[in-house]
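Hi there,

Here is the structure I promised to pass on to you. Have a look at it first, and then read on for what turned up when I went through it.

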Amino acid sequence: MTNLIKKLQKIYELYDRHVDTLELACEKYCADCCTANVTMTQLEGRLIVESISGEKYQHLCTRIMSSLDAPRYQPQITTNQYAQACMEKDPPPEDIPPADSGKCPLLENEACTIYSLRPFGCRCMVSTRTCRPFGQADIDDFTLTVNTVFLQCIEHLDADGWFGNFTDVLTRLITDDPKDGHCGPTVSNRRLPALMVPPPHLEKIDSLVRKLHAIIAGP
């Protein structure tokens, strides 16, 4: 697991370097996208819980466990399951976040309390304009493709693990009991069936794909 976490961190670093090349409006205390609907893999959850300790860990547990009754997006399928369904021309289930979901339970004073450890679902929420006046982020098509490819690769890296809402994944790890009644639904990860890259983006994303492959296949 330690080796997988190191690879996950390298994937995060690769994405962060890519984001540094973009002209974005995102900045600290701009937290409109920090909702309770973020998803992540088991591996990403392990990175979080294994990287903090003491009072900070207890604080995380308290905030997560106190948010279990709040409405939140609980996905029925993973990114790679969706890719497989598209390949087989099998319509995936409708997966719509609840309209009344609130802020992320780990947000305090409009700032993330685990920012350096935040999962990819948070990292990829970028925007070329301030979200608040428009009610949504502005993400160009190529960035959406990049985000999807990274999501697929992170899931592939954690193929033996599971995926779900941020709160549900952390709850399952904190309680350390998959049968615990507090745990929300999670779904099993899948290996990468094929990258979801539209033809116009193939050449442009090739360098990132090669770097991702090197990380995943490396020692």
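The buried residues of helix H8 are covered by, among others, helix H1 (2-19) and helix H6 (141-157). Please keep in mind as you read that this is a predicted model. The residues in question, buried in H8, are Ile205, Leu208, Leu212 and Ile215. Their spacing will look familiar: an α-helix has 3.6 residues a turn, so residues three or four places apart point the same way. H8 itself covers residues 202-217 and is not straight, with a bend of about 30° at Leu208. Leu208 is thus worth finding in your viewer, being both the site of the bend and one of the buried residues of the helix.

For the wider setting, the protein chain contains eight helices and five strands. Read from the N terminus, the order of its elements is α-β-α-α-α-β-β-α-α-β-α-β-α. The chain has 219 residues, and 43% of them are buried. If you take the contacts in the chain with a separation of 6 or more, 84% are between residues 24 or more positions apart.

Now to the part I suspect you will open first, the pockets. The largest pocket has a volume of about 920 Å³. Its lining is made up of 29 residues, and those nearest the pocket centre are Thr39, Tyr73, Thr79, Leu151 and Phe163. Strand S1 (39-41), helix H4 (79-87) and H6 are the elements that each give two or more residues to this lining. Of these, which gives the most? That is H6, with six residues. So H6 turns up twice in this message, in the pocket lining and in the cover over the buried residues of H8. By residue type, the pocket lining divides into 17 nonpolar, nine polar and three charged.

There is also one cavity of 30 Å³ or more in the structure, and the volume of this largest cavity is about 40 Å³. Lining the cavity are Ile52, Lys56, His59, Leu60, Leu106, Thr113 and Ile114. Four of the cavity-lining residues are nonpolar, two are polar and one is charged.

Finally, two arginines that you may like to look at. Is Arg123 buried or exposed? Its relative accessible area is 7%, so Arg123 counts as buried, the cut-off being under 20%. Arg123 sits in helix H5 (residues 120-123), and its side chain makes a polar contact of 2.9 Å with the side chain of Asp16. In sequence, Arg123 and Asp16 are 107 residues apart, while their C-alpha atoms are 7.8 Å apart in space. Neighbours within four places in sequence aside, the residues in contact with Arg123 are Tyr12, Tyr15, Asp16, Tyr115, Ser116, Leu117 and Arg118.

The other arginine is Arg172, which belongs to helix H7 (residues 166-175). Arg172 has a relative accessible area of 18%, and because that is under 20%, this residue is buried too. What does the side chain of Arg172 make a polar contact with? The partner is the side chain of Thr186, at 2.7 Å.

That is everything I wanted to hand over. Happy exploring, and do write back with any questions.

Best wishes

Conventions. Residues are numbered from 1 along each chain as its sequence is written. This is a predicted model: local features need pLDDT of at least 70, side-chain atom pairs count only at pLDDT 80 or more; totals for chains, interfaces and linings use all residues. Side-chain values use heavy atoms; hydrogens and water are left out. The bend at a residue is the angle between axes fitted to the seven residues ending there and the seven starting there. Helices (H or I, at least four residues) and strands (E, at least two) are DSSP runs, numbered from the N terminus. Buried means under 20% relative accessible area, exposed over 50%, partly exposed in between (1.4 Å probe, protein chains only). Contact means heavy atoms within 4.5 Å. On a 1 Å grid over the protein atoms alone, a cavity is a set of points where a 1.4 Å probe fits but cannot get out, and a pocket is an open set with protein on both sides within 12 Å along at least five of seven lines; lining residues have an atom within 4 Å of a point. Grid points are joined across faces, edges and corners, and a volume is the space filled by probe spheres set on the points. Ala, Val, Leu, Ile, Met, Phe, Trp, Tyr, Cys and Pro count as nonpolar, Asp, Glu, Lys and Arg as charged, and the others, Gly among them, as polar. A polar contact is a pair of N or O atoms within 3.5 Å; within protein, one must be able to donate a hydrogen and the other to accept it, and residues adjacent in sequence count only if both atoms are side-chain atoms.
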